[in-house]
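Got your viewer open and your mouse ready? Let's take a walk through this protein, one selection at a time.

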Amino acid sequence: MLTPFVDRLPLPSRLIATEHDGRLQVRIRSGVHSFHRDLPASSIWGFEGTVPGPTIEAERGRPVTVEWRNELDGAYPVSVTVAPQATDADGVPVQCVPGLSGGELDVDAAGLTGHTVVHLHGALTPASYDGWAENLFAPGQPAVFHYPMEQRAALLWYHDHVMGTTKFDVYAGLAGLWIVRDEQERELGLPEGPPFELPLLIQDRNFDVDEQGQLTGRLVHKTDPDVMEAFAPFTIVNGTVWPVLEVEPATYRFRLLNGSNARTYRLVLLHDGRPALDRIAQIGTDHGLLRAPAAVPEDGLVLASAERADLLVDFSDLDAGTELTLLNTARAPFDGAAFPAAEAEQAADLDGLLPYPQVLLVRVVGGTPTKGSIPEKLATDYDSASADALSGAPRRMIALVEMELDDAPNMLTMRELELVGDDATRPLVSVRDGDETVRYRSVAAHFEDRTTFFPMLGMYEVWQLVNLTGDTHPIHLHLDPFQILSRRAIRYEIPEGGIEDRDLTAEITLERDPDDDLAHTIDDNERGLKDTIRVNPNELVEIAVRFTNYSGRYMYHCHILEHEDRDMMRPFVTMPSDLMPFMA
Ligand SMILES: [Cu+2]
């Protein structure tokens, strides 16, 4: 119903901090936006009133001050609904089609008046400016945030982070990219700025229809009784549905972000119907450059919500007129299941809430062929945490748990687990690894439960994330980046009634479930500095994190926004070592 590949890929406007002496003003405004040539204009909330917001470009070591001016006015511009049925009269999942599918308008969402708070995802930011989800700014209230930018070059992004409504605010358009640059990266001679460095912000969106079934352009956030996340049928890149990118025969640098509420993408580049993934070298991830370029995984490049990829893509040998397509082969909700890249053209799957695999068309136009070189060595400024550094590291165990409720959609929670002795009584979580069994008790489950994580600055910690749900969760830590240590298969049993509001009973064994066919491997592109890590079903992921400079109250959470909002988010408090003796 919308024609793919007719609009050109727009590029967000650039806001270069050094040209403004590091002092920026960004207005948060209601606006209108055209998502596609054949769609009426849509009302949105956007930074500078645009979707996406301007790309802010900053230099390492040059602090940036942003006055986030909340000038939102008028009603919340998105129709929010829960469709009464998961499928329509034809058996098509309602999330694959436009319109409200018989759902009533959510009056609470319609009543939102535009409170915001901005988080700069991936930034090393003092706690006061990190965008604590409860510290909101109403329209007209001033918010001036200081970003030190003492961090390596990377693609970050800024977005709204309001407690309980991040899913609505980001969906309405409140997201933008932020690039940190530094001299180490410049020495590699990578493309910087247009035309060869292109930011690509990928999201999914849905729209309403009128009584004749014609698309109205009004944004729709739709869920259904079976699927609590909004998976929208239309993929947008930089705010345009299925755009066309014209390229010269040259090597391009794509800075990708998955900024969707919930959808995971597995991106496959096709040329003449065949995978052309060997044209792509991944040079960076969430927190910047990898140590060496990584090939794209055989099935395609997986990006869950908030994950980033820095890619060099070679079109230099292609004749004018050549077309390549970027497709998505990931079913939703994503559970890590494989899909061969060679079959990407057949990836459409209604039951998998993937009605249209299309993402982007690349068309080669004339020009002088210029093949960029791919440096063999990239980052030299970080190492893996040594066994020594990790030997005494505090270990924190977190279980990802879905709780079924009788009269409301399911609730996702993160259970912080505390070690208990042999004499502890049920309810308990046991984790068996070979001959050894460790026992825990769930001590926190909701955002407002007491804080139990107090990491000490400068000290490595090992966080263990164990997934007891059927879907992949991208877990994001605010503040410093981390490295993945391991990804291991588990099997588990939860007895009837084992998932209570706060208590949890589960027996987890570190061995493969016979029905589990996921690989549970670490992709090469995950061996860099990450701030968001996928935890697949039947999986325990271990990460090593060291908080460095800033003390205070921060958050970690699932980056599926519908999960983060309810209730997959928890606080942690970083402390300098000299204050630890004074902590009760
Ligand atoms: Cu989640």
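## Stop one: the big pocket

The lining of the largest pocket is a mix by class: 11 nonpolar, 5 polar and 10 charged residues. Before you zoom in, keep in mind that you're looking at a predicted model.

The pocket has a volume of about 570 Å³. To find its middle, select Val-82, Thr-223, Met-228, Pro-409 and Asn-410, which are the closest to its centre of the 26 residues that line it. Now colour the elements that each give two or more residues to the lining: strand E6 (78–82), helix H1 (107–110), helix H2 (166–171) and strand E13 (215–223). Which element gives the largest share? That's E6, with 3 residues.

## Stop two: the copper ion

Next, pick the copper ion and show the side chains of His-473, Cys-558 and His-563. The copper is coordinated by ND1 of His-473, SG of Cys-558 and ND1 of His-563, at 2.0 to 2.1 Å. Along the sequence, these donors follow the spacing H-x84-C-x4-H.

Are Cys-558 and His-563 buried or exposed? Cys-558 has a relative accessible area of 0%, so it is buried. His-563 comes in at 2% and therefore counts as buried too.

While you're on cysteines, select Cys-96. With 3% relative accessibility, Cys-96 is also buried. How many disulfides does the structure hold? The count is 0.

## Stop three: closed-off spaces

Now for the spaces inside. How many cavities of 30 Å³ or more turn up in a search of the whole structure? There are 6. The largest cavity has a volume of about 100 Å³.

To get there, select Phe-254, Leu-269, Ile-280, Leu-311 and Leu-326, which lie nearest its centre among the 15 lining residues. Four strands give two or more residues each to this lining: E17 (251–258), E18 (265–271), E23 (308–314) and E25 (358–364). E18 provides the largest share, 3 residues.

What classes of residue line this cavity? It has 15 nonpolar residues, with no polar and no charged ones. Flip back to the pocket for a moment: its lining includes 10 charged residues.

## Stop four: two strand pairs

Select residues 42–47 to bring up strand E3. This strand is mostly covered, with 5 of its 6 residues buried. Add residues 23–33, strand E2, and you'll see the two run antiparallel, joined by 6 bridges. For one place to look, click Val-32, then find its bridge partner in E3, Ser-43.

Jump along the chain to residues 482–489, strand E32, where 6 of the 8 residues are buried. Its antiparallel neighbour to select is strand E36 (residues 539–546), and 7 bridges join the two. Here, click Ser-486 and look across to Glu-542, its bridge partner in E36.

If you turn on side chains while you're here, keep one general rule in mind: in a regular strand, they alternate between the two faces of the sheet.

## Stop five: backbone oddities

Go back to the loop between E3 and strand E4 (55–59), where you'll find Pro-52. The peptide bond from Val-51 to Pro-52 is cis, with omega near -10°. Glu-48 sits in that loop between E3 and E4 as well, and its phi is near 60°, a positive value in a residue other than glycine. Glu-48 is partly exposed, at 24% relative accessible area.

For another cis bond, go from Pro-194 to Pro-195, where omega is near 5°. Pro-195 is in the loop between helix H3 (183–186) and strand E12 (197–209).

Then select Trp-242, in the loop between E15 and strand E16 (244–247). Its phi is positive too, near 45°. Unlike the partly exposed Glu-48, Trp-242 counts as buried, at 1% relative accessibility.

## Last stop: try the distance tool

Val-241 is in strand E15 (residues 240–241) and is buried, with 0% relative accessible area. Draw a line from its C-alpha to that of Thr-3: the two are 238 residues apart along the chain, yet separated by 9.0 Å.

Now try Ser-101, in the loop between E6 and strand E7 (104–105). Ser-101 is partly exposed, at 27%. From there to Ala-276 is 175 residues in sequence and 38 Å in space, C-alpha to C-alpha.

Note on methods: Residues numbered from 1 in each chain as written. Predicted model: local features only at pLDDT ≥ 70, side-chain atom pairs only at ≥ 80, totals over all residues. Heavy atoms only, no water. 1 Å grid on protein atoms, 1.4 Å probe; cavity = no way out; pocket = protein on both sides within 12 Å on 5 of 7 lines; lining within 4 Å. Points joined across faces, edges and corners; volume = space filled by probe spheres on them. Nonpolar A, V, L, I, M, F, W, Y, C, P; charged D, E, K, R; others polar. Donors = N, O, S within 2.8 Å, 3.2 Å for Na, K, Ca; no water. Buried < 20%, exposed > 50% of the residue type's maximum accessible area, 1.4 Å probe, protein only. Disulfide = S-S within 2.5 Å. Pairing = 2+ DSSP bridges.
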